[in-house]
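Here are a few exercises to help you find your way around a new structure. Try each one yourself before you read the solution.

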Amino acid sequence: MVEKYFLEYCKIRDNIDLKISEILSFYKGDILCKKGCSGCCMAITLFPVEFFAIKQETDKGSLKTLLSPSFTLDSKNTKQNQDCIFLEKSICTIYESRPIICRTQGLPLFYFSDTLEDYTISFCDKNFTSCREDFEFNTEYSIDLDKLNSSLYKLNKEFMKEINLENNMDKRIQISLLLSNNNTSASASDKIDYKSPSLYFNE
Ligand code: SF4
């Protein structure tokens, strides 16, 4: 029953949305992210659990369809540093279902150094432009990136175990594959023959 993992994913996403609205209200006026600004919208990769949850939600194809023999990789949409395939005229076409990373981009994100001795808060430099020099961030109103990543990683780990792919725990899937469908014109090397979900992973 993979659906329970998708529900869990939605819970994580709902909590993040809640946190984001608190942050936006706390830093009212200093966060200038708005519709039409797409500077963060690069081709990204997703944990399989997030990929499949979004795939189901956007109803571009069921899990069964996704895993069909004709599922094809469109390599032109998989290059790094390329605009996201879902960006149209600087607007996200899957906004309601967009991945969690898209929701948090540009906001204050804090994460600890490898030694855990100090932490960094990063944010988009288009935000907080009118703050005083001695402005200090409040970690309570920032996204705890380590905590978020670890909950997604843990959920993905359980999901991969469920579908018997625990050895592929660190594999990620290109967001562009959410749109992939039958494409007989693709070159042989782009074509994915269905054997297992692992065929969708990037090396
Ligand atoms: S899914 Fe939407 S918000 Fe995320 S990178 Fe693509 S266009 Fe941007």
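The exercises below work through a predicted model.

**Exercise 1.** Work out how the span of helix H1 compares with the span expected for it.

Start with the residues: H1 covers 3–26, which gives 24 residues. Next, look at its reach, which is 35 Å from the first C-alpha to the last. At 1.5 Å a residue you'd expect 34 Å, so the reach is close to that.

**Exercise 2.** Find the buried residues of H1 and say which helices they pack against.

Look along H1 for the buried positions: they are Tyr5, Phe6, Tyr9 and Arg13. Now see what sits against them. The buried residues of H1 pack against helix H2 (48–58), helix H4 (100–104) and helix H5 (145–162).

**Exercise 3.** Decide how H1 and H5 are oriented to each other, and pick out the residues that meet.

Take the geometry to begin with: the two helices pack at an angle of about 170°, and their axes are 10 Å apart. An angle over 145 degrees counts as roughly antiparallel, so that is how H1 and H5 run relative to each other. Then go to the residues. H1 brings Tyr5, Glu8, Tyr9, Ile12 and Ile16, while H5 brings Leu148, Ser151, Leu152, Leu155, Glu158, Phe159 and Glu162. Sorted by class, this contact has 8 nonpolar, 1 polar and 3 charged residues.

**Exercise 4.** Do the same for H2 and H5.

Here the packing angle is about 80°, with the axes 8 Å apart. Angles of 65 to 115 degrees count as roughly perpendicular, so H2 is roughly perpendicular to H5. On the H2 side, the contact uses Pro48, Val49 and Glu50; on the H5 side, Leu152, Leu155, Asn156, Phe159 and Met160. By class, you get 6 nonpolar, 1 polar and 1 charged.

**Exercise 5.** Is Gln56 buried, partly exposed or exposed, and how far is Gln56 from Glu3 in space?

Place the residue: Gln56 lies in helix H2. Count its neighbours: 17 other C-beta atoms are within 10 Å. Being buried takes 20 or more and being exposed takes 12 or fewer, so Gln56 is partly exposed. As for Glu3, the two are 53 residues apart in sequence, yet 9.5 Å apart in space, C-alpha to C-alpha.

**Exercise 6.** Lay out the sheet that contains S4.

Write down the order: 3 strands, S5-S4-S6, form an open sheet with mixed pairing. The edges are S5 (119–122) and S6 (143–144), each pairing on one side only. Strand S4 (residues 109–112) runs parallel to S6, and 2 bridges join them. Across from Phe110 you'll find Asp144 in S6.

Note on methods: Residues are numbered from 1 along each chain as its sequence is written. This is a predicted model: local features need pLDDT of at least 70, side-chain atom pairs count only at pLDDT 80 or more; totals for chains, interfaces and linings use all residues. Helices (H or I, at least four residues) and strands (E, at least two) are DSSP runs, numbered from the N terminus. Two residues are in contact if their C-beta atoms, placed from the backbone, lie within 7 Å. Two strands pair if DSSP finds at least two bridges between them. Axes are lines fitted to C-alpha atoms, for helices over the stretch in contact, and angles run from 0 to 180 degrees between N-to-C directions. Angles under 35 degrees count as roughly parallel, over 145 as roughly antiparallel, 65 to 115 as roughly perpendicular and the rest as oblique. Ala, Val, Leu, Ile, Met, Phe, Trp, Tyr, Cys and Pro count as nonpolar, Asp, Glu, Lys and Arg as charged, and the others, Gly among them, as polar.
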